[in-house]
Amino acid sequence: MNYKILSTIVILLAFIILLMLGLVTKIDNEVLTLHSPYRYSLNSSPLEISGEIVGNWTFEATFVLQLLDSNKDIIISKPIMVQGDWMTTNKVPFETIINFPEVNAQKGYLRFIKDNPSDIPEFDD
């Protein structure tokens, strides 16, 4: 059996076991529901990111997504546009794919930043 296929199967089985044990979870709070990627999952480039975010948390339907390395240094920063009516207090869907260079990090982070074109700190979340 091909090594690449075998390693993919092993990673998939490990992910399913972690998911069943509740160690890989979906993020869900008042502002953000993250459908993909799951918390504590193994990821690589390209990374598919999807979820829902409160519409009025965005500025004209956009917010900023950052991928950080284990030192919380920015690997990539990208504006994301929601898919729906952003002038609402309800959550609206978003999805994107980010490509990033290979990094030597044990873990990474996604940072969701409220787009604040005014640069007035009290409007940041």
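# Reading this structure through its definitions

Student: Why does Ala61 count as buried?
Tutor: Ala61 has a relative accessibility of 7%. Buried means under 20% relative accessible area, exposed means over 50%, and partly exposed lies in between, with a 1.4 Å probe and protein chains only. Because 7% is under 20%, Ala61 counts as buried.

Student: What kind of model is this?
Tutor: It is a predicted model, in which local features need pLDDT of at least 70 and side-chain atom pairs count only at pLDDT 80 or more, while totals for chains, interfaces and linings use all residues. Residues are numbered from 1 along each chain as its sequence is written, and side-chain values use heavy atoms, with hydrogens and water left out.

Student: What is the mean pLDDT of the protein?
Tutor: The mean is 79, and 75% of the residues reach 70 or more. For scale, pLDDT is the predictor's confidence in each residue, from 0 to 100.

Student: Which elements have the lowest and the highest mean pLDDT?
Tutor: Strand β1 (residues 25-28) has the lowest, at 53, and β6 has the highest, at 94. Over residues 21-25 the pLDDT is below 50, although this stretch has 12 contacts in the model beyond near neighbours in sequence. Where pLDDT is low, the predicted coordinates should not be read in detail.

Student: How many helices and strands does the protein have?
Tutor: There are one helix and seven strands. From the N terminus on, they run α-β-β-β-β-β-β-β. Helices (H or I, at least four residues) and strands (E, at least two) are DSSP runs, numbered from the N terminus.

Student: Where does Ala61 lie?
Tutor: Ala61 is in the loop between β3 and β4. Its phi is positive, about 75°, although Ala61 is not a glycine. Glu60 is in the loop between β3 and β4 (62-68) as well, and its phi, near 50°, is a positive value in a residue other than glycine.

Student: Why is Thr88 called buried?
Tutor: Thr88 has a relative accessible area of 16%. Since that is under 20%, Thr88 is buried. Thr88 is found in the loop between β5 (74-81) and β6 (91-98).

Student: What does Thr88 touch?
Tutor: Not counting residues up to four places away in sequence, Thr88 touches Val54, Gly55 and Asn56. Contact here means heavy atoms within 4.5 Å.

Student: How far is the backbone nitrogen of Asn90 from a polar atom of the side chain of Thr88?
Tutor: The distance is 3.0 Å. A polar contact is a pair of N or O atoms within 3.5 Å; within protein, one must be able to donate a hydrogen and the other to accept it, and residues adjacent in sequence count only if both atoms are side-chain atoms. The 3.0 Å between Asn90 and Thr88 falls within that 3.5 Å limit.

Student: How many bridges join β3 to β6?
Tutor: Eight bridges join them, and the two strands run antiparallel. Two strands pair if DSSP finds at least two bridges between them, so β3 and β6 pair. Within this picture, Ser50 stands opposite Glu95 in β6.

Student: Which side chains of β6 are buried?
Tutor: Val92, Phe94, Thr96 and Ile98 point to one face and are buried, whereas Lys91, Pro93, Glu95 and Ile97 point to the other and are not.

Student: In what order do the strands of the open sheet stand?
Tutor: Three strands form that sheet in the order β5-β4-β7, with antiparallel pairing. β5 and β7 (109-113) stand at the edges, each with a single partner strand, so one side of each has no neighbour in the sheet. β4 and β7 pair over five bridges, and Leu67 stands opposite Leu110 in β7.

Student: Which residues touch the most other members of the largest nonpolar core?
Tutor: Of its 18 residues, they are Ile49, Ile53, Phe63, Val82, Phe94 and Phe112. β3 gives the most to this core, with four residues. A nonpolar core is a set of buried Ala, Val, Leu, Ile, Met, Phe, Trp, Tyr and Cys residues joined through side-chain atoms within 4.5 Å. In soluble globular proteins, nonpolar side chains tend to be buried together.

Student: What is Ile49 in contact with?
Tutor: Leaving aside neighbours within four places in sequence, its contacts include Leu34, Leu65, Phe94, Ile98 and Leu110.
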